[in-house]
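Welcome, and thanks for taking a look at this one with me. Below are some numbered notes to read alongside the picture.

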Amino acid sequence: MNRADALNAVKESITQVVPDADLAALGPEDTFRDTLEMDSLDFLSYLEILGERTGVRIDDADAPELTTLSGSADFLVAHVT
Amino acid sequence: MAEFTMPSLGADMDEGTLVEWLVGPGDPVRRGDPVAVVETAKSTIEVECFESGAMGRQLVEPGTTVPVGTPLALIDSAAGPREEEAGGPREEPRVPPAPERAAPATAAGAAPARTPVASGAPEHGPVEAGPLIRRLAEQSGVDPGSVHGSGPAGRVTRADIERAAATASRPARVRATPRARRLAAELGIGLSEVTGTGRDAAVRARDVSGAASRQAAAHPPQRRTPAAVPASHPPGEQAPGMRQAIARLMARANRDIPHYYLSTTVDLAAATDWLHDHNRRAPLPERLLPAALLLRAAAVAAREVPELNGFWADDGFTPGEGVHLGVAVSLRGGGLVAPVLHRADTLGPPALMSALKDLVTRARTGRLRGSEVSGATLTVTNLGDQGVETVFGVVHPPQVALVGFGRVVDRPWAVGGLLGVRPVVTVTLSADHRATDGAVGARYLSAVDRLLQKPEKL
């Protein structure tokens, strides 16, 4: 998976959880979990959707890496074959 | 003929706006099916039907606000069973209806309101099918002419239509509610690209808006979709009137209920270890949040201390039948709703977790059902995600208590004479002093504490 596809998958997954999220205003290193006021349920849904969409296994321990756009995209690039 | 009326979806509701019909006149309905979407001051709710039969005349147009109790539609209760039996060919009328050609042009004449679909080969001869079957075919998007009749004399039966509907690759006419159709047209979404979540996979307005927002996400820069939301207010904003509705309820609570407040700090080391262990092994969809254990403990403790689980009305306490936990859910634009986890004490943590996910998602997208916003016997508020350690809430009348969970934090903690760092949570109870005294409340909090020490037994 190339980085552009990864970033798209991340953005689409976020949008599914927070439909009115303004992704254009979100910087690559912003902790979107906080910026978009996602609670723990929202964040779990995000991980679920992302895992489902890309087929990548996301462990509990991976969660801290996945709180920014660039962190999430990097994770996918590294783990999706 | 029964009347389907504007329901009361909470003690503080006196009128509601019909937003959308989910079924059309003549459609079969079953008791418990959501048939309409109603917007109240506080939220948008799917309202279930309390009769089985067929939807009759719809008396109120979408967009109309009417008082509670106003008839919205007529339900023909007699129609249901007949429709069920109609599957057998023996129920068909003796006189065969006028033969119909399979050509779409002719078929269209038979049903002016809906355009039947020509999915089959045009070379079929006249079709033998009763009006009920014809209607079913039309609803399923199946051309009766293209179906092989397995009944006597080649008559098309209900089973034939159902089989054809199931195997049809893609019906050209997608089942959709009128509002969904309008919204799709406004947003430029093709209905056939939308997965319907309504009955018989009918596309509903929210499916369209979901598809629209996914499309918007996929192609963000061009133009923002103007209104990708079925509700009459955007999701980022508070429903009009919600503030006033909360204001009325809370003012009443503070005026009528002499509150008392208790608080205790619970060691969550055992619960947290258990959760980590569970989550390490579980696939993502089965992972649990601390909230699942906290809610489970709150529900079981309510069963142990029934004095806090129920209602205060007419100067007396009525215990609740079962533990129905209201869960305060904050909405993105502000405001909150408290959907209900029915019989929460009978659900284990995994079941509670999935019920919670489902309820919260639908609360935030404005799609709760009528039965899901009423009947709470005890409410739980969990402000942990907002970062606060302690929440002393206001009891929701007519309930008599409210349980609050704060954030799970690491704190120095003495265990067995030694100081260690443990994850702890502050659990509070706000309760109605008319119904109980502090000793009862203390018993409740102790039970919560005790239950959380044995997470494997929860």
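1. Let us begin at a single pair of residues: Ala2(B) has Ile75(B), in strand E8 of chain B, as its bridge partner. Please keep in mind throughout that this is a predicted model.

2. That pair belongs to a wider match between two strands. E1(B) and E8(B), the latter covering residues 71–76, run antiparallel and are joined by four bridges. Strand E1 itself spans residues 2–5 of chain B, and its two faces differ in cover: Ala2(B) and Phe4(B) make up the covered face, while Glu3(B) and Thr5(B) make up the uncovered one. As background, strands of a sheet pair through backbone hydrogen bonds, in either a parallel or an antiparallel way.

3. Chain B also has an open sheet that is worth tracing by eye. Its five strands come in the order E7-E2-E4-E5-E16, with mixed pairing. At the edges sit strand E7 (65–67) and strand E16 (368–369) of chain B, each of which pairs on one side only.

4. Within that order, have a look at E4 and E5 of chain B. Strand E4 (residues 34–39) and strand E5 (residues 44–48) run antiparallel, with five bridges between them. A handy place to find the match is Val38(B), which stands opposite Ile45(B) in E5(B).

5. Now for chain B as a whole. Its secondary structure comes to 11 helices and 20 strands. The chain has 458 residues, and 48% of them are buried. Of the contacts in chain B with a separation of 6 or more, 63% are between residues 24 or more positions apart. The exposed area of chain B is about 21,400 Å², with 54% of that supplied by carbon and sulfur atoms.

6. Chain A has another make-up: four helices and zero strands, giving the pattern α-α-α-α when read along the sequence. Of its 81 residues, 56% count as buried. Among the contacts in chain A between residues at least 6 apart in sequence, 61% join residues at least 24 apart. Chain A exposes about 3,700 Å², and carbon and sulfur atoms account for 47% of this area.

7. How do H1(A) and H3(A) cross? The axes of helix H1 (residues 3–17) and helix H3 (residues 40–54) of chain A come within 9 Å and cross at roughly 135 degrees. H1(A) is therefore oblique to H3(A), and the crossing is right-handed. On the H1(A) side, the residues that meet H3(A) include Ala9(A), Val10(A), Ser13(A) and Val17(A). Among their counterparts in H3(A) are Tyr46(A), Ile49(A), Leu50(A) and Arg53(A).

8. Is Ser13(A) buried or exposed? This residue of helix H1 in chain A counts as buried because its relative accessibility is 0%. Leaving aside residues up to four places away in sequence, Ser13(A) touches Tyr46(A), Ile49(A), Leu50(A) and Arg53(A).

9. From there, follow the contact across to Arg53(A), which is found in helix H3 of chain A. Arg53(A) has 35% relative accessibility, so this residue counts as partly exposed. Not counting residues up to four places away in sequence, Arg53(A) touches Ala9(A), Glu12(A), Ser13(A) and Gln16(A). Although Arg53(A) and Ser13(A) are 40 residues apart along the chain, their C-alpha atoms are separated by 8.1 Å.

Definitions and conventions
Residues are numbered from 1 along each chain as its sequence is written. Chains are lettered from A and ligands numbered from 1 in the order in which they are written. This is a predicted model: local features need pLDDT of at least 70, side-chain atom pairs count only at pLDDT 80 or more; totals for chains, interfaces and linings use all residues. Side-chain values use heavy atoms; hydrogens and water are left out. Buried means under 20% relative accessible area, exposed over 50%, partly exposed in between (1.4 Å probe, protein chains only). Contact means heavy atoms within 4.5 Å. Accessible areas come from the Shrake-Rupley method with a 1.4 Å probe; for residues, only the protein chains shown count as cover. Two strands pair if DSSP finds at least two bridges between them. Axes are lines fitted to C-alpha atoms, for helices over the stretch in contact, and angles run from 0 to 180 degrees between N-to-C directions. Angles under 35 degrees count as roughly parallel, over 145 as roughly antiparallel, 65 to 115 as roughly perpendicular and the rest as oblique. A crossing is left-handed if the near helix is turned anticlockwise from the far one by less than a right angle, and right-handed if clockwise.
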